[in-house]
Amino acid sequence: MRSLLFAAALVMAAPALAQDTPSAEGTELYFIGLEDGDTVSSPLTIYFGLRGMGVAPAGIEVDNTGHHHLLVNRPPLGEGFFGEEEFELALPTDENHRHFGGGQTQMTLELPPGDHTLQLVLGDHGHVPHNPPVVSEVITVTVE
């Protein structure tokens, strides 16, 4: 009976597992020329760095690739409104979640004066974080 229940659980979980897009071991996602604690002016040009995987536009499914997302002024991925489910869901599109589905590796962002948090997240062809997730450190910049 246990074997039957285990097999049934695997069959039911298969669709969810099939959607996991693996990341390459040792992949790093980071900001180029921008560090935690920096004081900047607006508009701010942000450059995205990626080591260990490549960039492909959204909707294009190629092994070891993804496209960039920038989280602005929100908790780190996995600590937001949906908690750890954020690792399994497509990232939303709004002022706090910027998508670069065309394969862009930089952007210019208008930010009001004050402190702002930034984090990069690599998404797969469907805007879902890879498994394991490829994320940058969360940094805080101050806009003068």
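I began with what pairing means here, namely that two strands count as paired if DSSP finds at least two bridges between them. I also noted at the outset that this is a predicted model, and I kept that in mind for every entry below.

**Entry 1: strand β5 and its partners**

With that rule I went to β5 and found that β5 and strand β6 (residues 97-100) pair in the antiparallel sense over 4 bridges. Looking for the residue of β6 that stands across from L70, I found R98 as its bridge partner. I then turned to strand β8 (residues 114-123), which runs antiparallel to β5 and is joined to it by 6 bridges; here the partner of L71 is Q119. A parallel contact also turned up, since strand β4 (residues 54-55) is joined to β5 by 2 bridges, and in that pairing V55 has G66 of β5 as its bridge partner. As a reminder to myself, strands of a sheet pair through backbone hydrogen bonds, either parallel or antiparallel.

Is strand β5 buried or exposed? I found that 8 of the 8 residues of β5 (residues 65-72) are buried, so the strand is largely enclosed by the rest of the structure. The cut-off behind that statement is a relative accessible area under 20%.

**Entry 2: the loop between β5 and β6**

I next followed the chain into the loop between β5 and β6, where I looked up a charged pair and found that the side chains of E86 and R74 meet in a salt bridge at 2.9 Å, N to O. Both E86 and R74 lie in this loop, so the pair ties together parts that are 12 residues apart in sequence. I checked the exposure of each partner and noted that E86 is buried, with a relative accessible area of 8%, and that R74 also counts as buried, at 13% relative accessibility.

L89 has its place in the loop between β5 and β6 as well, but here I noted a relative accessibility of 34%, which counts as partly exposed. With F81 and F82, L89 forms a nonpolar patch on the surface, and together they have about 360 Å² of accessible area.

**Entry 3: the open sheet β1-β3-β7**

I then looked up an open sheet of 3 strands, whose order is β1-β3-β7 and whose pairing is antiparallel. Which strands stand at its edges? They are β1 (28-32) and β7 (106-109), each with a single partner strand, so one side of each is left without a neighbour in the sheet. Neighbouring strands of this sheet are turned by 25° against each other on average, direction ignored.

Within the sheet, I followed the pairing of β1 with strand β3 (residues 44-51), which is antiparallel and runs over 5 bridges; as one point of register, I noted that Y30 stands opposite G49 in β3.

**Entry 4: salt bridges**

How many salt bridges are there? The count comes to 3. One of them joins E28 to R51, with the closest N and O atoms 3.3 Å apart. E28 lies in strand β1 and R51 in strand β3, so this pair ties together parts that are 23 residues apart in sequence. E28 is partly exposed, with a relative accessible area of 40%, and R51 is likewise partly exposed, at 44%. I also looked up E95, which forms a salt bridge with R98, the closest N and O atoms being 2.9 Å apart. R98 is the residue I had already met as the bridge partner of L70, while E95 counts as exposed at 58% relative accessibility.

**Entry 5: the nonpolar core**

I looked up which residues of the largest nonpolar core, which has 23 residues, touch the most other members, and found F31, L34, I46, L70, M107, L109 and L118. At least two residues of this core are supplied by each of β1, β3, β5, β7, β8 and β9 (139-143). The largest share, 4 residues, comes from β3.

**Entry 6: a contact across the sequence**

Last, I looked up D38, which has its place in the loop between β1 and β2 (39-40) and counts as partly exposed at 25% relative accessibility. D38 and D115 are 77 residues apart in sequence, and I noted a distance of 9.9 Å in space, C-alpha to C-alpha.

Methods:
Residues numbered from 1 in each chain as written. Predicted model: local features only at pLDDT ≥ 70, side-chain atom pairs only at ≥ 80, totals over all residues. Heavy atoms only, no water. Buried < 20%, exposed > 50% of the residue type's maximum accessible area, 1.4 Å probe, protein only. Patch = residues over 30% accessible without salt bridge, like charges linked within 9 Å, V, L, I, M, F, W, Y side chains within 5 Å. Areas by Shrake-Rupley, 256 points an atom, 1.4 Å probe, with all protein chains shown as cover. Salt bridge = Lys/Arg side-chain N within 4 Å of Asp/Glu carboxyl O. Axes fitted to C-alpha atoms, helices over the stretch in contact; angles between N-to-C directions. Core = buried A, V, L, I, M, F, W, Y, C linked by side-chain atoms within 4.5 Å.
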